[in-house]
Protein chains: 2
Amino acid sequence: MSHWDTFKDFQKKQKAYELVLALAGWDSNTEAPRQSIPYRSEMLSIISGEHFSLMTDPQYKEAIDALYEEKETLNDQQFREVQKAKKSLDKIIKIPKAEYVEYSKLTTMAQRIWEEAKEKGDFKHFKPYLKKIINYKKRMIKFRDDKAIPYNVLLDDFEEGMTIERYDAFFQTIKDELVPFVKQVLAKSKNDDFPFLDRKYPKHDQKDFVDYITNVFDFDFNRGVVKESVHPFTWNTHSQDVRLTTRYMEDYLPASIYAAMHELGHAMYEQQIDETLDSTNLNTGASMGIHESQSRFYENTIGRSQAFWDTHFSALKKRFPDQLHDVDAETFTRASNRVEESFIRVEADELTYPLHILIRYEIERDIFNNGLGVDDLERVWNEKMKAYLNLDVNRPSDGVLQDVHWSDGMFGYFPTYALGSAYAAQIYYALNEALDIDQAIRDNDIARINQWFKENIHCYGSRLSPDQILNKVTRESFNPKYYIRYLKEKYSKLYLED
Amino acid sequence: MSHWDTFKDFQKKQKAYELVLALAGWDSNTEAPRQSIPYRSEMLSIISGEHFSLMTDPQYKEAIDALYEEKETLNDQQFREVQKAKKSLDKIIKIPKAEYVEYSKLTTMAQRIWEEAKEKGDFKHFKPYLKKIINYKKRMIKFRDDKAIPYNVLLDDFEEGMTIERYDAFFQTIKDELVPFVKQVLAKSKNDDFPFLDRKYPKHDQKDFVDYITNVFDFDFNRGVVKESVHPFTWNTHSQDVRLTTRYMEDYLPASIYAAMHELGHAMYEQQIDETLDSTNLNTGASMGIHESQSRFYENTIGRSQAFWDTHFSALKKRFPDQLHDVDAETFTRASNRVEESFIRVEADELTYPLHILIRYEIERDIFNNGLGVDDLERVWNEKMKAYLNLDVNRPSDGVLQDVHWSDGMFGYFPTYALGSAYAAQIYYALNEALDIDQAIRDNDIARINQWFKENIHCYGSRLSPDQILNKVTRESFNPKYYIRYLKEKYSKLYLED
């Protein structure tokens, strides 16, 4: 057997395990009855163990190392496959198995403790776990590359090619340009009042409208599913099976609509990947940031636009004639773009959102590079919240304890959220040169936009790096100026002009 | 490691693979998008292959053989576990792997060909496949036990302890007692007319009523799911995760109701198995026949009773006030028990149903024991249909081609359907001595019936054989006289008395 055949053989087996584990995960998150979890966890840990063995098999490692040696014999796509596989392998192969198992138990436990701490508003309860997790991460970074700048290792895990240097420049721009602009807008948005948002919207009719939207966005039901879950998410195993969920709040209509649109952005990306990539490890989006650029684009740029609601508000009103009798498309669009200072990231509007990420980025960077300790986190968090959003945090559940990520060891993940929005803006200006976005939306022809994304971004899966995609599509590397421009144009129009 | 520990270790791993394969199967049958199937099939065949290797591992076989040698060291439950495992092992271990793989491809293909043949009404198209399947089955029976009466091997696979001798006696009773009785009833039932059955019943309201029924039967949603599928089925991996589906026909209301009740019978059984058995291979029903006795009991004895509809018809009428405005509980009960001669087994009523099984039993027995050939099947089928149900079959889709079972090699399965109904009747008389079934239904307290089933049948899982269960519950072995008595009592009252 050639090294290439050995490599592909292992990859295929790994993909089989990934498929069944993914199906079990989909079931757990959307359908499994509550009491089925303990048995299922025990059984799935056996299957995960087999998967881990396949991923770290010495024969597999040998094949990858050999292919690296003879890389001139590989074509571009083959090399990219091996490169991605090597990166995944390097992440786990140097970690002693005992430490890996220990860490997996620690994070399972830490998530439960975090939930309790958040509920009680008691950061002290969570602190010892957070300290252990951070120590573990620091140790693992050393194992993997003891010459690297520590936080860079984590940043690159979530977004290939990103570094502190690049993120610092990005967030400095946000601080300089956005923080004062947000203050201007907030002074105006205080007067917003949308009483229709407080009315009751039955779930059954909301579901019907989500179906409507899914069709408007041209999602392919022959290769997908739309369902409900507590936390909305997109799930995919290959281009022929892409699923998304939304959540329904009867007392807050926008929740189901914009969560569905957000996930539709992720889902269209995955459905439009070239299906010949399904037999490789390249059959998923290029990176967290590029993925998030698509979800933000579909949600914010398309979904919250005046053009969208001029075209589809009547379909919404048909389902809620009583609740929306005194509302028009313009009011609904304004309500969908309301700016407010808020404590909670996941509830933040498009304009203040990056400031929430800024806080998390600076804290994570200082933990890993500058010795910021867990005992100082709450104080630092609250100071930044005051500086950037002018808010006084009164309880840690509204501050340092609000996100699940750290309890699962996901440091380096947050910045990709803001990066995704910024990518979306940069792509927006390129796309608008290629076709009239506003007109496509008004023609109820989102398929036109989908097609452009398919040809320029989606079809490649992860054959190209985030940088390569941006350069191909926008003819330059990542440049935060477009993001600032997009936000200022949009929110000046909504709030600062008369 | 002791033999016992080795045995349990393999069993646990096998159960892990069975869980993920079962979850994938649930997904395929209820949710997976159409185009996801080819990729999924390829990936799942890898996982199934791993499962097969675990089931036929020489170390596993060695442990089982050793435990058989030292069986005096095992307690009753341990011995039962080993006995069941050995039976599964013997079924596959002697079959050369190449033949096994070949056969699995053959039946996959044959099912597609059967579908086509059924659609075109062309038995010739399916014949060559059916011949190959039967030849394979005959060869496999020889591999497994070349001294056994061939059809007995298949009968025992689906119902431990059943033989031609016992089934012949059972079906002879049906021929002698039931065939003439059915003719008497059919002469009367010709005058039945229930025009309300032809009205339109929206799916959404039917779903609501199925929810209502599921609660009436006391199904535990913390350990279960109710969903929709084309062919209703029950699915379970352990007592804490039991799921059922029903199907909705807007032009035939009884379909969703009685399919749900039938599956609820299977589901209550699985939910009420002692959960300490979940770590063993005994955590599922005792046999096909005992399982079917429960589904038939819940569907026919409880669900189609006057007591049930006296208690719950108002709840049904509330959901369909227009469609049922001229119907009362008695009429609905009569319509639910309408007797008709019909070509199709799955649409047959409770009284004529066993005659459909009789035909299949006699044919299968004669194929495996008496040299009946595939070329004669259609003629023989049609002759029997005439003799037992007085119907002239005009197209094979209404006759020999109607069932999927043979295309999947499932010979020996059909008789358990009739056996299950007969078990249900025998159990019915025993249960009625222990508590007043009619009163429990009228008190809307089916939990009382559930509890009796739990204590006397369900909790044991497959720790006891079907014979042991019947003897425990009814103080005798299987005796078809109860079935005849039950049917004659019920249908005399409905049709032959004034």
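Buried, in this talk, means under 20% relative accessible area. Keep that cut-off in mind. The model is a predicted one.

Let's start with a helix in chain B. Helix α7 of chain B runs over residues 150-158. Its buried residues are Tyr151(B), Asn152(B), Val153(B), Leu154(B), Leu155(B) and Phe158(B). What covers them? The cover includes five helices of chain B: α6 (123-144), α8 (164-189), α11 (288-303), α14 (353-369) and α16 (414-434).

Now the overall fold, using chain A. Chain A has 20 helices and 3 strands. Its radius of gyration is 23 Å, close to the 23 Å that the globule rule gives for 498 residues, so chain A is as compact as a globular protein of that length. The C-alpha trace spans about 70 × 50 × 50 Å along its principal axes. Of the 498 residues in chain A, 56% are buried. Take the contacts in chain A with a separation of 6 or more: 74% of them join residues 24 or more positions apart.

On to the interface. Chain A and chain B contribute 38 residues each to the contact. Together they bury about 3,400 Å², with 63% of that on carbon and sulfur atoms. We count 10 salt bridges between chain A and chain B. There are also 15 residue pairs in polar contact between the two chains. Which elements of chain A supply the side that touches chain B? At least two residues each come from α1 (3-30), α2 (37-55), β1 (224-228), β2 (234-238) and β3 (241-246). Helix α1(A) gives the most, with 11 residues. By type, that side of chain A divides into 16 nonpolar, 8 polar and 14 charged residues.

Look at one charged pair across the interface. Arg40(A) makes a salt bridge with Asp241(B), with the closest N and O atoms 3.6 Å apart. Both residues belong to a network of salt bridges. From chain A, the network takes in Asp27(A), Glu31(A), Arg40(A), Lys227(A), Asp241(A) and Arg243(A). From chain B, it takes in Asp27(B), Glu31(B), Arg40(B), Lys227(B), Asp241(B) and Arg243(B).

Asp241(B) turns up again at Ser36(A). Ser36(A) is found in the loop between α1 and α2 of chain A. Is Ser36(A) buried or exposed? Buried, because its relative accessible area is 0%, and the cut-off is 20%. Across the interface, Ser36(A) touches His238(B), Gln240(B) and Asp241(B). Within its own chain, the Ser36(A) side chain reaches the backbone oxygen of Pro33(A) at 2.7 Å.

Last topic: salt bridges inside chain B. Over all chains, the count is 90. Here are three.

First pair: Asp9(B) and Lys13(B), 3.8 Å from N to O. They sit 4 residues apart in helix α1 of chain B, so about one helical turn separates them. An α-helix has 3.6 residues a turn, so residues three or four places apart point the same way. Asp9(B) is partly exposed at 33%, and Lys13(B) is partly exposed at 29%.

Second pair: Lys127(B) and Asp375(B), 3.3 Å between the closest N and O atoms. Lys127(B) lies in helix α6 and Asp375(B) in the loop between α14 and α15, so the bridge ties together parts 248 residues apart in sequence. Lys127(B) counts as buried, at 17% relative accessibility.

Third pair: Lys200(B) and Glu250(B), 2.4 Å from N to O. Lys200(B) is in the loop between α8 and α9, Glu250(B) in the loop between β3 and α10, 50 residues apart. Lys200(B) is exposed at 54%, whereas Glu250(B) is partly exposed at 30%.

How values were computed. Residues are numbered from 1 along each chain as its sequence is written. Chains are lettered from A and ligands numbered from 1 in the order in which they are written. This is a predicted model: local features need pLDDT of at least 70, side-chain atom pairs count only at pLDDT 80 or more; totals for chains, interfaces and linings use all residues. Side-chain values use heavy atoms; hydrogens and water are left out. Contact means heavy atoms within 4.5 Å. Buried area is the accessible area (1.4 Å probe) that two parts lose on being put together, summed over both. A salt bridge is a side-chain nitrogen of Lys or Arg within 4 Å of a carboxyl oxygen of Asp or Glu. A polar contact is a pair of N or O atoms within 3.5 Å; within protein, one must be able to donate a hydrogen and the other to accept it, and residues adjacent in sequence count only if both atoms are side-chain atoms. Ala, Val, Leu, Ile, Met, Phe, Trp, Tyr, Cys and Pro count as nonpolar, Asp, Glu, Lys and Arg as charged, and the others, Gly among them, as polar. The radius of gyration is taken over C-alpha atoms; the globule rule is 2.2 Å times the number of residues to the power 0.38. Buried means under 20% relative accessible area, exposed over 50%, partly exposed in between (1.4 Å probe, protein chains only).
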